Amino acid sequence: MKNSSLFVLWPYIAVVLLVAGTLVRYLVATRQPSVLAAEMADAKTIFGGRLFRISVFVLIAGHVAGLLFPRAVLSWNSSTAGLYLLEGLALAAGLAAVASSAVMIWRHLERSGRSRMSEAFDALFLGLFFTVLVSGVLVAVLYRWGSSWGEITLGPYIDSLLRGQPAVQLATELPALVRLHVLATFAAIAVVPLTRLSIFLVVVLQGCVVLIAQPFRAVSSAFAEWSNNHNPGSWIWPDED
Amino acid sequence: MRRIVATGAGVCAGLCALSLLLMLAEPSQVLQAGISDDADYGTGPSFSPQAAATFNGRCTACHTYGKGIKVGPDLKGVTERRKRDWLLKFIHGSSGVIKSGDPTATALFAQFKQQRMPDWVDLSEKQINDILDYLAIGGPDIKPVDERDAAIATSAETENGRKLFYGEIQTKYGAQACVTCHSVRGTGLRGGSLGPDLTVVYLRYQDPELTLFLRHRCFNFQIQTTQGGYLTARESFALKAFLRASALSDKQTSYAADKHPELRKSGSYEK
């Protein structure tokens, strides 16, 4: 597969796999609600660790903020102190995530799993995620100020993907390490539904469904109450009352 | 089970709230960045672009500027050879001036094989004056600001180039500061390292090549700014001046000599 097609097709394939896989997991989980809590506890043991969670949250939030508000990030980075602070924080979070995920992989190798398949996919995901983290840290060290140049290269690339008009050159012209970071990220995203980590997505999806369903449920219960009060049966068949 | 679902709903609501907060926070930060006016800095002959366009559209078919006679006379120095009032009258209606028996007009008519210039009656006095002003300051010989040799840059222009390089002044069309991807030696870690170090770029590429390079985006694939431009001519010149100053400072030159001995041979250091 050519480098450019990889950057056009792979992101879409990864997202489709993530969405479809999560939906399937959600449908399975709703049929077996008792399993949900058990799987959740299992996933917490595998992907646990406060340092890992905090550092990964900081990294993901930073990347999302960079994608959503590029001008604000560039404006922040125009001050030297702001730039050093942002990059320092991101590098510290990256190093913490690398260290904690290395520990997690080590623990995972020691643990005996419930099923070989899920163990294998968990290991695959952890391996890919570790690649993402290490390549990210190396990019930060070797190609300074990614939070700035990323806003004029990778940010517009992701934007072009979202618009359905992929500007692949924005990614393919970048150094190999940056390309590895991008492709490994999409690979990790694609694998998520096959891992026990997906249970977190199922829970979030379930929460969304509850939130969305709430107004409909309120309307339907209100309608049921109204129809009970105005039941035409009482005046069609008054004798039956 | 209920607790898990409630946590999921909480995460979802939290993410929505965070997105909303960030969306509301952005505009104020963007406003702070501001955009400097290109006209604030830099010097050079100023002329009406319309005058240059009119000259190119109407005059160059028969006249040259400093390249000899074509159909009519060479217009280089015409504002010194003739009085402004006479030129105004002649351009506006040459046939009338010739008919009136004006000796200069008659002589020109005879000299140029009785080829009469069109009467540019549609041009206003201001438009003609603008064209004459344009010719008086050099006409087509005027180089675009960015083509000037960086050696003639003032210290203010070099300082503006430094500010543009480091993003202390925003470019008019929103092009990113060079420091995003490049560095110049001697400025610590402020510069990026995705692109090459630009310390000796002026010595390597020299003035004309650097001018041409700065007229294009660094990345051909870079998405267009909303205004459609990249750098203004003055911004380009200021950046060139800063890069020249960086390259030629004593400290940098010795650095360049160590890194690029081929430049010593080409005599770039003596520039």
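Cores, crossings and unusual phi values

Mentor: In this predicted model, the largest nonpolar core has 31 residues, and the members that touch the most others are Phe125(A), Leu128(A), Phe129(A), Ala171(A), Ala187(A), Ala188(A) and Val191(A). Two or more residues each come from H5 (80-110), H6 (116-142), H8 (154-162), H9 (169-172) and H10 (176-191) of chain A. The most, 10 residues, come from H10(A).

Trainee: What does Leu128(A) touch, leaving aside residues up to four places away in sequence?

Mentor: Leu128(A) touches Ala184(A), Ala187(A), Ala188(A) and Val191(A). A second, separate core has 28 residues, among them Ala175(B), Cys178(B), Val201(B) and Ala247(B).

Trainee: How many helices and strands are there in chain A?

Mentor: Chain A has 12 helices and 0 strands. Of its 241 residues, 33% are buried. Among contacts in chain A with a separation of 6 or more, 81% join residues 24 or more positions apart.

Trainee: Why is H3(A) called oblique to H5(A)?

Mentor: Helix H3 (residues 50-68) of chain A packs on H5(A) at about 135°, and the two axes are 8 Å apart. An angle over 145 degrees would count as roughly antiparallel, and 65 to 115 as roughly perpendicular. The value of about 135° falls in neither range, so H3(A) is oblique to H5(A). The crossing is left-handed.

Trainee: Which residues make that contact, and how do they divide by class?

Mentor: H3(A) contributes Leu51(A), Phe52(A), Ser55(A), Val56(A), Val58(A), Leu59(A) and Gly62(A). From H5(A) come Ala90(A), Ala93(A), Gly94(A), Ala96(A), Ala97(A), Ser100(A), Ser101(A) and Met104(A). By class there are 10 nonpolar, 5 polar and no charged residues.

Trainee: What makes H2(A) and H11(A) oblique to each other?

Mentor: The axes of helix H2 (residues 33-46) and helix H11 (residues 198-229) of chain A cross at roughly 130° and come within 9 Å. Roughly antiparallel needs an angle over 145 degrees, and roughly perpendicular stops at 115. The pair is therefore oblique. This crossing is left-handed.

Trainee: Which residues meet there?

Mentor: Glu39(A), Met40(A) and Ala43(A) of H2(A) meet Ile199(A), Phe200(A) and Val203(A) of H11(A). The contact has 5 nonpolar residues, no polar ones and 1 charged.

Trainee: Why does Trp145(A) count as buried?

Mentor: Trp145(A) has 23 C-beta neighbours inside 10 Å. The cut-off for buried is 20 or more, so Trp145(A) qualifies. Trp145(A) sits in the loop between H6 and helix H7 (146-149) of chain A.

Trainee: What is notable about the phi of Trp145(A)?

Mentor: The phi is near 60°, a positive value in a residue other than glycine. Most residues other than glycine have a negative phi.

Trainee: Which residue of helix H9 (residues 201-214) of chain B has a positive phi although it is not a glycine?

Mentor: Gln206(B), with a phi of about 65°, lies in that helix.

Trainee: How do you know that Gln206(B) is partly exposed?

Mentor: Gln206(B) has 16 other C-beta atoms within 10 Å. Exposed needs 12 or fewer and buried 20 or more, so Gln206(B) is partly exposed.

Trainee: Why is Leu212(B) called partly exposed?

Mentor: Leu212(B) has 13 other C-beta atoms within 10 Å. Exposed stops at 12 and buried begins at 20, so Leu212(B) is partly exposed. Leu212(B) also lies in helix H9 of chain B.

Trainee: What separates the C-alpha atoms of Leu212(B) and Glu147(B)?

Mentor: The separation is 8.6 Å, although the two residues are 65 residues apart along the chain.

How values were computed
Residues are numbered from 1 along each chain as its sequence is written. Chains are lettered from A and ligands numbered from 1 in the order in which they are written. This is a predicted model: local features need pLDDT of at least 70, side-chain atom pairs count only at pLDDT 80 or more; totals for chains, interfaces and linings use all residues. A nonpolar core is a set of buried Ala, Val, Leu, Ile, Met, Phe, Trp, Tyr and Cys residues joined through C-beta atoms within 7 Å. Helices (H or I, at least four residues) and strands (E, at least two) are DSSP runs, numbered from the N terminus. Two residues are in contact if their C-beta atoms, placed from the backbone, lie within 7 Å. Axes are lines fitted to C-alpha atoms, for helices over the stretch in contact, and angles run from 0 to 180 degrees between N-to-C directions. Angles under 35 degrees count as roughly parallel, over 145 as roughly antiparallel, 65 to 115 as roughly perpendicular and the rest as oblique. A crossing is left-handed if the near helix is turned anticlockwise from the far one by less than a right angle, and right-handed if clockwise. Ala, Val, Leu, Ile, Met, Phe, Trp, Tyr, Cys and Pro count as nonpolar, Asp, Glu, Lys and Arg as charged, and the others, Gly among them, as polar.
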